[in-house]
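Biologist: I've got a model open and I'd like to learn how to read it. Could you walk me through a few features?
Modeller: Sure, let's put it on screen.

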Amino acid sequence: AQVVNADFVKSSVRPDDCPRDGLPEFALVGRSNVGKSSLLNSLVRRKRLALTSKKPGKTQCINHFKVNDSWYLVDLPGYGYASAPQEARTNWDEFTRNYFLSRENLVSVFLLIDASIPAKKIDLDYASWLGQKKVPMTLVFTKCDKRKKKKNGGRRPEENVETFQSLIREYFEAAPPWIMTSSVTNQGRDEILLHMSQLRNY
Ligand code: GDP
């Protein structure tokens with residue numbers, strides 16, 4: 001399960017604009033600043049494949065990257081910008097939710113959760129929504145290398161991960177698969193790629 005090549009294909013502003021070749025795809029989504037661009041770059045071992053602008057409103061696109069000419073990694077807009085105007089947030093909601101519900105070749109959503117901080121309501125809401133809609137989901141915990149007690153509010157990444165999982169349990173018939181990662185140490189990188197390859201062959 002190695003990435004031999006990865007190329008940016010296109011940015012889409014509607015689910016209808018997305019590539020139509022039916023190749024399997026995996027969507028990465030998470031709160032802004034969760035470490036999504038870092039993870040995407042670490043997966044494809046490039047410094048700046050995901051040149052995502054950090055400004056709300058500028059990244060309201062679905063970005064498709066083709067890997068090994070046979071499947072897609074999809075970068076979805078980050079959610080939870082406190083500063084984004086309400087209208088932009090509502091748009092974002094409709095747009096990505098439509099994508100989740102209508103995209104037939106979507107194999108699994110990879111929902112990124114920052115393991116260095118306690119569970120956030122917006123992430124719990126997001127995970128439970130996906131669970132209730134039965135959208136296949138994999139939990140990817142990011143920043144698992146961050147262990148400084150002060151910054152973590154005294155809690156270790158493992159504890160935050162456990163709490164998060166117990167809080168969403170009721171929304172899932174079976175616990176979603178989960179992977180602990182760090183873009184600093186590359187922890188979890190191979191595990192994600194292996195998991196994606198298993199899901200594609202399933
Ligand atoms: P995005 O907004 O979700 O695309 O997040 P970025 O990839 O831009 O990362 C946001 C911030 O978190 C940056 O300052 C990164 O350096 C930092 N960051 C991202 N991933 C990790 C990680 O695995 N470990 C640590 N310690 N910091 C990370």
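Biologist: Which helix gives the most to the shell around the ligand?
Modeller: Two ground rules first. This is a predicted model, where local features need pLDDT of at least 70, side-chain atom pairs count only at pLDDT 80 or more, and totals for chains, interfaces and linings use all residues. Residues are numbered from 1 along each chain as its sequence is written. Helices (H or I, at least four residues) and strands (E, at least two) are DSSP runs, numbered from the N terminus. Here, helix H1 (residues 36-43) gives the most to that shell, with three residues.

Biologist: How many residues surround the ligand?
Modeller: A residue is near a molecule if its C-beta atom, placed from the backbone, lies within 6 Å of it. There are 17 around the ligand, and the closest are Gly35, Lys36, Ser37, Ser38 and Ser183. The shell divides into two nonpolar, 11 polar and four charged residues. In that split, Ala, Val, Leu, Ile, Met, Phe, Trp, Tyr, Cys and Pro count as nonpolar, Asp, Glu, Lys and Arg as charged, and the others, Gly among them, as polar.

Biologist: Which residues of H4 are buried?
Modeller: Buried means 20 or more other C-beta atoms within 10 Å of a residue's own, exposed means 12 or fewer, and partly exposed is in between; C-beta atoms are placed from the backbone. In H4, Pro157, Asn160, Phe164 and Ile168 are buried. Looking down the axis, these buried residues fall within an arc of 65 degrees (taken from the directions from the helix axis to the C-beta atoms), so they line one face of H4. On the other side, Glu158 and Ser166 are exposed.

Biologist: What covers the buried residues of H4?
Modeller: Contact means C-beta atoms, placed from the backbone, within 7 Å. The cover includes strand E5 (106-114), helix H3 (121-132) and strand E6 (137-142). The buried residues of H3, in turn, pack against E5, E6 and H4.

Biologist: Which residues touch the most other members of the largest nonpolar core?
Modeller: In soluble globular proteins, nonpolar side chains tend to be buried together. A nonpolar core is a set of buried Ala, Val, Leu, Ile, Met, Phe, Trp, Tyr and Cys residues joined through C-beta atoms within 7 Å. Of the 38 residues in the largest one, those touching the most other members are Ala27, Leu28, Leu73, Val74, Phe110, Leu111 and Leu112. E5 supplies the largest share of this core, six residues.

Conventions:
Two residues are in contact if their C-beta atoms, placed from the backbone, lie within 7 Å.
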